Amino acid sequence: MIIVVCPGQGAQTPGFLEPWLALDGARDRLAAYSEASEVDVIEHGVHSDAAVIRDTSIAQPLIVASSLLTWHALQDRITTGAVRGIAGHSVGELAALAGAGVLTDDAAMRLVGIRARAMAHAAAFEITGMSAVLGGAEHVVLGRIGELGLTAANRNGGGQIVAAGGIGQLDQLRQQPPHGARVIPLQVAGAFHTVFMEPAVERMRRAAAEVLTADPEIAVWTNHDGSLVTSGREALDLVVGQIASPVRWDLCMQSFAGNGVTGIIEMAPAGVLTGLAKRALKGVPTVALRTPDDLDDAVALIARDRA
């Protein structure tokens, strides 16, 4: 089974979207995404500097727009049914739901604009942050995170857990890391996927209630617990709740393995999720769609899988 994954963090760099504009229809598609999300994804994906595209209110629409653009570019080159499963990490779940037919692209982009602004607003109430904890025994890492009153906001698998909470506690974690682990502060605006984001949940819930959904056309896994979701409305409800609850990408990857994954293709801005897969799903081939040139490798992976 070939599974497409949609990122929720990290790999976008200044100008990363520019090569994709050469594809037929890309500029028009991104212009529509900009209108729906109320964020100029072309301007920010091509011209804005690193500090600007890290801003939550801009980063989230930019990531989802990029994933949707590359999803359609891939679909244009393969046959229907070649991809049988899809999942997204954090905000990438909105792109995944659009890819699975649960949401229209327009609905996904409207929702991500609302989500981004609501989470940026929630992050302004208290000074909080997130740090990646790399390595160490999982139970030791989780114990230290809990001891400091932090939350394991992202359990990403592959030896990576992201702690979130107050800046003071995160500084203690950095100064006295769990045995065998190292701590890397992340450039984010707040403690996402924790109780600090509760103010954003209700705003997103009201917006989601106005959106029509359909049941998935391909397999969709949820960050909530790595399970398959067969109801479109339930899938969207889980995405809403996920704003203030941990991302269990580790369980998603376990489910991929249990469902016979034979290849993973990561949509733009790609690199983070394929990196995790290489560590947690050893031997499973991956393709990261960083530029249009990578589409050939994705098509070849699908062709080999169907041979």
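User: Happy to look at this one with you! What makes up the secondary structure of the protein?

Analyst: Glad to help! In this predicted model, the protein has 13 helices and nine strands. A run counts as a helix from at least four residues and as a strand from at least two.

User: Why does the radius of gyration of the protein agree with that of a compact globule?

Analyst: For 307 residues, the globule rule gives a radius near 19 Å, and the protein has 18 Å, so the two agree. Along the principal axes, the C-alpha atoms fill a box of roughly 50 × 40 × 35 Å.

User: What share of the residues in the protein is called buried, and on what grounds?

Analyst: Buried means under 20% relative accessible area, and 56% of the 307 residues fall in that class. The accessible surface comes to about 12600 Å², with 50% of that belonging to carbon and sulfur atoms.

User: How many positive and negative side chains are there?

Analyst: There are 23 positive and 32 negative side chains, and the centres of the two sets lie 6 Å apart.

User: Now to one residue. What makes the pair Ser 57 and Asp 55 a polar contact?

Analyst: The cut-off is 3.5 Å between N or O atoms. The side chains of Ser 57 and Asp 55 are joined at 2.6 Å, so the distance meets the limit of within 3.5 Å.

User: Where is Ser 57 placed, and which residues further along the sequence does Ser 57 touch?

Analyst: Ser 57 lies in helix α4, residues 56-75. Leaving out residues up to four places away in sequence, Ser 57 touches Val 39, Ala 116, Arg 117 and Ala 120.

Notes. Residues are numbered from 1 along each chain as its sequence is written. This is a predicted model: local features need pLDDT of at least 70, side-chain atom pairs count only at pLDDT 80 or more; totals for chains, interfaces and linings use all residues. Side-chain values use heavy atoms; hydrogens and water are left out. The radius of gyration is taken over C-alpha atoms; the globule rule is 2.2 Å times the number of residues to the power 0.38. Buried means under 20% relative accessible area, exposed over 50%, partly exposed in between (1.4 Å probe, protein chains only). Accessible areas come from the Shrake-Rupley method with a 1.4 Å probe; for residues, only the protein chains shown count as cover. Lys and Arg count as positive and Asp and Glu as negative; His and the chain ends are not counted. The place of a charge is taken as NZ of Lys, CZ of Arg, CG of Asp or CD of Glu. A polar contact is a pair of N or O atoms within 3.5 Å; within protein, one must be able to donate a hydrogen and the other to accept it, and residues adjacent in sequence count only if both atoms are side-chain atoms. Contact means heavy atoms within 4.5 Å.
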